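User: I've got a model open and want to go through its pockets and ring contacts. Can you take me through them?

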Amino acid sequence: MGRAFVFVNQKGGVGKTTSAVNLGAYLAGSGKSVLLVDFDSQANLTSGVGLDKNKVKPGVYELISGMAGPDDVIRKTSVAGLSVIPSSIHLSGAAVELVEMVNRDLFLKKALEPVRGLYDFILIDCPPSLGVLTLNGLAAADSVLIPMQCEYFAMEGLSLLLQTIKRIQKNLNKELQIEGIFFTMYDQRTRLAQDVVKEVSAYFREKVFETIIPRNVRISEAPSHGLPISHYDPGSSGGKAYQSLAEEVLSRG
């Protein structure tokens, strides 16, 4: 049975989608079979792997609403071993529809069950909020990966997120673990970035990944070409950092 990770942070712009795409690509590059699940109606992950989010139907919305099965929605990407369930703007409608339903937080979990055994890793990208779509992601996953930008309010946001995860562990998904926190968009020239890394690392200790993702223009450019950094510029500081993060994830078993 493969492991399912969900990328969560209620704050936008922290590198969640970028990290899902790039970690997935490097895990696939190491010979693992990887499925990316775009569970955000902005569909940035979908376009980040080179698919047109306006033309990908059926996708994850049709999957969770029972209109399509996994075989109808899973698509291969240009990276060997890396597949994706794409998203589209239709998913924003699902967020409204789900609120009315019984077991509304378990739709994604049920939809992914038939394919859990086919992949070494399933990586779920969620919206930047703690709404019903993110709760579905947390219910469907084994572990949480928390990308964190090194900025002033990072700790406050983290404590709110941890409260939500505790609630999920208690009520929805008793097996859910926090796999770890990793820092993104790190600028070593700023004192604040250094302080945030120190403070979070002191508090969370072994939950913090050693790899720190730097602020790197090549990482920002790659999605507009529909490529992960491993295929756009693997020699860049960002490429090397995501490769290192993948190695850490693999070494944790």
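User: How much space lies in the second largest pocket?
Analyst: About 210 Å³. A pocket here is an open set of 1 Å grid points over the protein atoms alone, where a 1.4 Å probe fits, with protein on both sides within 12 Å along at least five of seven lines. The volume is the space filled by probe spheres set on the points, joined across faces, edges and corners.

User: Which residues are closest to its centre?
Analyst: Lys109, Arg116, Ala139, Ala140 and Asp142, out of 13 lining residues, meaning those with an atom within 4 Å of a point.

User: Is this model predicted or not, and how is it numbered?
Analyst: It is predicted: local features need pLDDT of at least 70, side-chain atom pairs 80 or more, while totals for chains, interfaces and linings use all residues. Numbering runs from 1 along each chain as its sequence is written, and side-chain values use heavy atoms, without hydrogens and water.

User: Switching to rings. What sits over phenylalanine 209?
Analyst: The charged end of arginine 252, 3.7 Å from the ring centre. The cut-offs are CZ of Arg or NZ of Lys within 6 Å of the ring centre and within 35 degrees of the ring normal.

User: Is phenylalanine 209 buried or exposed?
Analyst: Buried, at 2% relative accessibility. Buried means under 20% relative accessible area, exposed over 50%, partly exposed in between, with a 1.4 Å probe and protein chains only. Phenylalanine 182 is buried too, at 1%.

User: Back to pockets. How much space lies in the largest one?
Analyst: About 490 Å³. Of its 28 lining residues, Gly15, Lys16, Thr17, Thr18 and Met185 are the closest to the centre.
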